[in-house]
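Open the structure in your viewer and keep the selection box handy. We will walk from one stop to the next, and at each one you will get something to pick and a note on what is there.

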Amino acid sequence: MMLLHRAHLSLAVAWWLLLIGRGLLPALLAVAMGTLIGAVERQSDLLEPLILLGSFFVLVQVLPPLHLVVSKNLGDHVGCLLYDRLSETCVRPEGMGHLEHAEVTNDLAMARDFDLGISGPPLSISMDFIASGLVELCAGLVACAILAAYAWWAPLVLGGAWISTHYLLRESGVWRDRNTETVRNAQRHADYAYKIAVNPPASKEIRLFGLASWIVDRFRSHRRRLHDLRWEATRLREQPVIWSLLVVLGANAIVFTFMAIDVASNELGLDRMVTFASLAFTTSMIAFGGLSWALDSAAAPAGATMRLRRSMYDIGSLQNGTHASNTQPKRDICFRNVSFKYPTGEKTILEDLDLSIPAGSSLAIVGQNGAGKTTLAKLLCRLYDPTKGSIEIDGMDLCDWDLTTWRSRITAVFQDFVRYELTLRDNVDPSGQATDEIVLRALEQAGASNLTSLDTTLSKAYANGIDLSGGQWQRIALARALCARYCGAGIVLLDEPTAQLDVRGEREIFGRILQETRDITTILISHRFSTVRQVDRICVLEHGRVMEEGSHEALMQRNGRYRTMFDLQASRFTEGEPGLALDVLD
């Protein structure tokens, strides 16, 4: 409820005013009805009582639909506020460990998908449920308070009985097993199956391998399991229901028995009897209902977002230094005794790694999958900090650099580069700092100058938009890195940058990239030796350590691990197409 006024102040005020007005109307309607009956008994003028009763009756009909519209709009605004906070929470921490941390996975799923109707009703619907529940509670309390005009003890007996149902049935109002491992697994599996079914990337394989029925059945089974767990956790317990009925029936019997006695003894007139009887009926609106469930359903995403705000900053924050330099590294980049393991992992990825990269040179890092190549790249980009050891830039610890300044000096192409559903220009220059001439130059050097115009949207989801092949997208990712280099980046980091290109195209493009980055530091991670051999130095990484280091010729003469990998890859080309082997490996 504290988020309502932050989401939209005027709507929140209107929502509360309408809620209070609707809460007062049932009691006022009962009083107006008694006033009209009294006027009839006394044969007084009926105009004013009729106007009063008619006004309340019209308001009873008019206010609910108005409240519904306000609730929907306010719910949408609260949803937007939560999404804004979630977006800020995810992107503000300097590192990225918070996005890969198992402890925040469930809260992140709840906060991310709450308005899709997967884990509960969207807030635009929940707000109406909450409003209806609060109106009933308010109406019951007001009626109970006015009932004191009949007898001081009546509100205590009748109101106390209905309020007791909230306590007796408390376990039915909250999904108390929301955070059990069983529930989390069911939610996670159901969400995963749903996303596979509705997201385009998986559509080809689903159809090719005939997985449509399997996906639907998997989603249904996990959602059914989730609903069963929810019902088991929120079902009405038989014993509390029996006690609630006995308490409520007893309280009503007492109040209405005394009313009957007072009517029979002429101590309670017809007009007052109708009023107090109506108020007694209205008091039942205090009873346990859907309010607790609606509040719990709506509060879950808000609570998850608030928890994420604290936990993600704790997990993903990095030390931000004060050193700010616009110059490129002048001497070297040194990894000194660097060890690293991911926050939620047990395996050490890098262990006592020492590596020196002279400024202005090109270095290739090769090794088997899992050797720690991409992790090394993440550390250099300061997406994580080393568990032990340090990374030094011209002798200064990278942690002492201002993060914004450092990241403006480095550009990278990762294996999982982003395909923005934006124009070609915005894909190459997302920051918008480059001129069209620079963008076109980057596209030309990446071999993507003839793809389409700069203003074409790269997504078929938009009118006149187009989609590209994997190799074309990879060229655009390379153009993005070159564009950043032209705008001042002093380090270019390429993690499998041409994996989706043919070997001839890869060699040609990487030759251009080396030419364009010849005066700055270039680091290449690749499995293809046709590309690797073009750099100044090669580092062989294995089990998180540097096993060999040197030029291509020196490593070939050493007959070590690099020579073994090179010969193995060359033999595959030779067996398939000898001419191609000479072309790409010579």
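## Stop one: a hairpin to warm up

Select strand 9 (residues 537–542) together with strand 10 (residues 545–550): the two pair in the antiparallel sense, joined by five bridges. Keep in mind as you look around that this is a predicted model. For a landmark on the ladder, pick I538, which has G550 of strand 10 standing opposite. Now go to the turn: strand 9 and strand 10 make a hairpin with two residues between them, and H543 in that turn has a positive phi of about 55 degrees. Most residues other than glycine have a negative phi.

## Stop two: the four-stranded sheet

Next, bring up the open sheet, in which four strands are arranged in the order 2-1-4-5 with antiparallel pairing. Which strands are at the edges? They are strand 2 (350–358) and strand 5 (396–397), each of which pairs on one side only.

Select strand 1 (residues 332–340) and strand 4 (residues 388–393) to see an antiparallel pair joined by five bridges. Within this pair, F335 stands opposite I391 of strand 4. Then add helix 13 (residues 373–380), which packs on the sheet and touches strand 1, strand 2 and strand 4. If you draw the directions, that of helix 13 makes about 115 degrees with that of strand 1.

While the sheet is on screen, pick D352 in strand 2. The phi of D352 is near 50 degrees, a positive value in a residue that is not glycine. Is D352 buried, partly exposed or exposed? Its relative accessible area is 29%, so D352 is partly exposed.

## Stop three: the turn from strand 4 to strand 5

Slide along to strand 4 and strand 5, an antiparallel pair with two bridges. In one of these, E392 has D397 in strand 5 as its bridge partner. The hairpin of strand 4 and strand 5 has two residues between the strands.

Now select D394, found in the loop between strand 4 and strand 5. D394 is not a glycine, yet has a positive phi of about 50 degrees. With 26% relative accessibility, D394 counts as partly exposed.

## Stop four: H323 and its distant partners

Pick H323, located in the loop between helix 12 (291–316) and strand 1. Show everything in contact with H323, leaving aside neighbours within four places in sequence, and you will find M396, D400, W401 and D402. Add L403 and draw a C-alpha to C-alpha distance: H323 and L403 are 8.9 Å apart in space, with their positions 80 residues apart in sequence. H323 counts as partly exposed because its relative accessibility is 27%.

## Stop five: the largest pocket

Turn on your pocket display if you have one. How much space lies in the largest pocket? About 1,100 Å³. To centre the view, select I410, T411, A412, F414 and Y420, which are the closest to the pocket centre among its 34 lining residues.

To see where the walls come from, colour helix 13, helix 14 (403–408), strand 6 (410–413) and helix 17 (470–486), the elements that each give two or more residues to the lining of the largest pocket. Helix 17 gives the most, with five residues. If you colour the lining by residue class, expect 18 nonpolar, eight polar and eight charged residues.

## Stop six: two threonines

Finish with a pair of threonines. Select T275 in helix 11 (residues 270–282). Setting aside residues up to four places away in sequence, T275 touches A30, V31 and G34. T275 counts as buried because its relative accessibility is 10%, and the cut-off for buried is under 20%.

Then move to T283, in the loop between helix 11 and helix 12. Which residues are in contact with T283, apart from its neighbours within four places in sequence? Select G140, A143, C144, L147, L158, G159 and W162 to see them. T283 has a relative accessible area of 0%, so this threonine is buried.

Key:
Residues numbered from 1 in each chain as written. Predicted model: local features only at pLDDT ≥ 70, side-chain atom pairs only at ≥ 80, totals over all residues. Heavy atoms only, no water. Buried < 20%, exposed > 50% of the residue type's maximum accessible area, 1.4 Å probe, protein only. Contact = heavy atoms within 4.5 Å. Pairing = 2+ DSSP bridges. Axes fitted to C-alpha atoms, helices over the stretch in contact; angles between N-to-C directions. 1 Å grid on protein atoms, 1.4 Å probe; cavity = no way out; pocket = protein on both sides within 12 Å on 5 of 7 lines; lining within 4 Å. Points joined across faces, edges and corners; volume = space filled by probe spheres on them. Nonpolar A, V, L, I, M, F, W, Y, C, P; charged D, E, K, R; others polar.
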